[in-house]
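Student: I would like to go through how the strands and helices of this model are assigned. Can we take the calls one by one?

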Amino acid sequence: MTAADRFRAAVDSRDLAGLEELFTEDIRLYSPVKFTPFEGRSAVLGLFTALFQVFEDFRYIGEYSGTSLTSADNTEAASAVLLFRATAGGRQIHGIDLLHLTADDRIKEFTVMVRPQSAVQALGEAVLTVLTARATLTARATLTARAAEDPAP
């Protein structure tokens, strides 16, 4: 089973642990809604947590494999392109995931391309809402834990 097959299976089953095993520690994910990439395994897994909440009816519909140059260091790497369809924020999305792989068949770079523009905007807004809500909950939990450890006199 290839890295692309394992990736598809993990996405289909919303298996974050499976994705974590596939991603290199320094993975970079280039998003259609953010100019700078998400960098590092924890940041990319956090994004996938949000995407799993946002996407409706997500399904892969095709796959191509070969080689391509990476964005990070312009080296040639084994690659897979996965075509997908989904709905987010009420908008139909057509997209591709471009996976760049390491020699040991893990994902080191990931580029997402989505169309049409209205779907990109709806996707960006939906993901931002989920990430903001999660950051707020995390901040509240941290403050609550700190208050419990060091109560005021």
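Tutor: This is a predicted model. Start with one residue pair: Gly 66 has Ser 79, in S4, as its bridge partner.

Student: What makes S3 and S4 a pair?

Tutor: Pairing requires at least two bridges between the strands. S3 and S4 have eleven bridges, in the antiparallel sense, so they count as paired. Six residues lie between them in a hairpin, and Asn 74 in that turn has a positive phi of about 60 degrees.

Student: How do you know that S4 and S5 pair?

Tutor: Ten bridges join S4 and S5, again antiparallel; the requirement is at least two, so this is a pair. In S5, Gly 95 is the bridge partner of Phe 84. The hairpin here has two residues between the strands, with Gly 89 in the turn at a positive phi of about 60 degrees.

Student: Why is the pairing of the sheet called mixed?

Tutor: S1 (residues 23-30) and S6 (residues 107-115) run parallel, joined by four bridges, whereas S3 and S4 are antiparallel. In S6, Glu 109 is the bridge partner of Arg 28. With both senses present, the sheet of six strands, ordered S2-S1-S6-S5-S4-S3, is mixed.

Student: What makes S2 and S3 the edge strands?

Tutor: Strand S2 (38-39) and strand S3 (56-69) each pair on one side only.

Student: Which strands does helix H1 lie across?

Tutor: Helix H1 (residues 3-12) lies across S1, S3, S4, S5 and S6, and runs at about 160 degrees to S3. Helix H3 (residues 41-54) also packs on the sheet, touching S1, S2, S3, S4 and S6, with its direction at about 55 degrees to that of S1.

Notes
Residues are numbered from 1 along each chain as its sequence is written. This is a predicted model: local features need pLDDT of at least 70, side-chain atom pairs count only at pLDDT 80 or more; totals for chains, interfaces and linings use all residues. Side-chain values use heavy atoms; hydrogens and water are left out. Contact means heavy atoms within 4.5 Å. Axes are lines fitted to C-alpha atoms, for helices over the stretch in contact, and angles run from 0 to 180 degrees between N-to-C directions.
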